[in-house]
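Please open the structure in your viewer and keep the selection tool at hand. The tour below goes from one stop to the next, saying what to select and what is there.

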Amino acid sequence: MDALTVLVIDENKIRAAIIERGLREAGHEQVILLTTMDGLLRRILDIDPDVIVIDLENPNRDQLEHLFQVSRAAQRPIAMFVDRSDSGMLEAAVEAGVSAYVVNGLRQERVKPILDMAIARFNAFARLQQELADARNALEERKIIERAKGILMSSRGLSEADAFALLRQTAMNEKKKMADIAQSVVTAASLLL
């Protein structure tokens with residue numbers, strides 16, 4: 001496993017030391033502590049951590065909203081420790097992409113398993129997002145190919161199979177994706193109509 005850079009954000013230095021000790025005992029040597037929220041997003045982007053651990057004793061809505069904006073922008077696994085919470089805060093944390101949301105559970109021995117779980121959940125969610133994006137892209141490409149086939153069928157009097165074969169052969173000849181050729185057909189047809 002490559003060494004991870006772990007960013008710990010905690011305004012309480014005593015609590016931050018608990019997290020840092022837990023991380024170092026777990027073998028994480030690259031631990032960076034931030035004890036202020038000032039310019040947080042810029043600092044996170046400058047540090048470019050692999051994982052973010054946020055500890056808030058008594059979070060208020062403004063702090064949480066700020067952190068959630070940061071987590072959306074950071075696109076990193078985030079483990080958040082809070083002393084108290086409600087279902088609205090939990091929902092907002094999940095929506096913002098927080099991978100592990102731990103209420104009243106800050107203990108040194110729990111830091112590593114929670115961090116591991118946050119990374120695993122983040123990676124699983126990222127895979128799902130990529131699969132969804134791939135499926136949406138494939139569906140859009142399929143729609144464009146269907147439109148191009150329809151245009152070729154009506155303009156050239158081809159059967160559906162022949163229109164598809166023409167698109168496929170043109171794509172192979174031009175060393176392009178069939179969806180790109182289909183998009184060219186659709187674009188050309190829209191210019192001519």
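Begin by selecting strand 1 together with strand 3 (residues 51-56), which run parallel and are joined by five bridges; helices (H or I, at least four residues) and strands (E, at least two) are DSSP runs, numbered from the N terminus, and two strands pair if DSSP finds at least two bridges between them. Within this pair, Val8 stands opposite Val53 of strand 3. This is a predicted model, in which local features need pLDDT of at least 70 and side-chain atom pairs count only at pLDDT 80 or more, while totals for chains, interfaces and linings use all residues. Residues are numbered from 1 along each chain as its sequence is written, and side-chain values use heavy atoms, with hydrogens and water left out.

Now stay on strand 1 (residues 5-10) alone: six of its six residues are buried, so the strand is largely enclosed by the rest of the structure. Here buried means under 20% relative accessible area, exposed over 50%, and partly exposed in between (1.4 Å probe, protein chains only). In a regular strand the side chains alternate between the two faces of the sheet. Show the side chains, and you will find Thr5, Leu7 and Ile9 pointing one way, with Val6, Val8 and Asp10 pointing the other way.

Next, add strand 2 (residues 30-34), which pairs with strand 1 in the parallel sense over five bridges, and look for Ile9 opposite Leu34.

Which strands lie at the edges of the sheet? Select the five strands, which form an open sheet in the order 2-1-3-4-5 with parallel pairing, and you will see that strand 2 and strand 5 (100-103) are the edge strands, each pairing on one side only.

For the interior, select Ile9, Leu40, Ile44, Ile54 and Met80, which touch the most other members of the largest nonpolar core, a group of 22 residues. A nonpolar core is a set of buried Ala, Val, Leu, Ile, Met, Phe, Trp, Tyr and Cys residues joined through side-chain atoms within 4.5 Å. The largest share of this core, five residues, comes from helix 3.

Finally, select helix 5 (residues 111-156), whose 46 residues reach 66 Å from the first C-alpha to the last, close to the 68 Å expected at 1.5 Å a residue (the expected span is 1.5 Å times one less than the number of residues). Just after helix 5 comes Gly157, whose phi is positive, near 70°.
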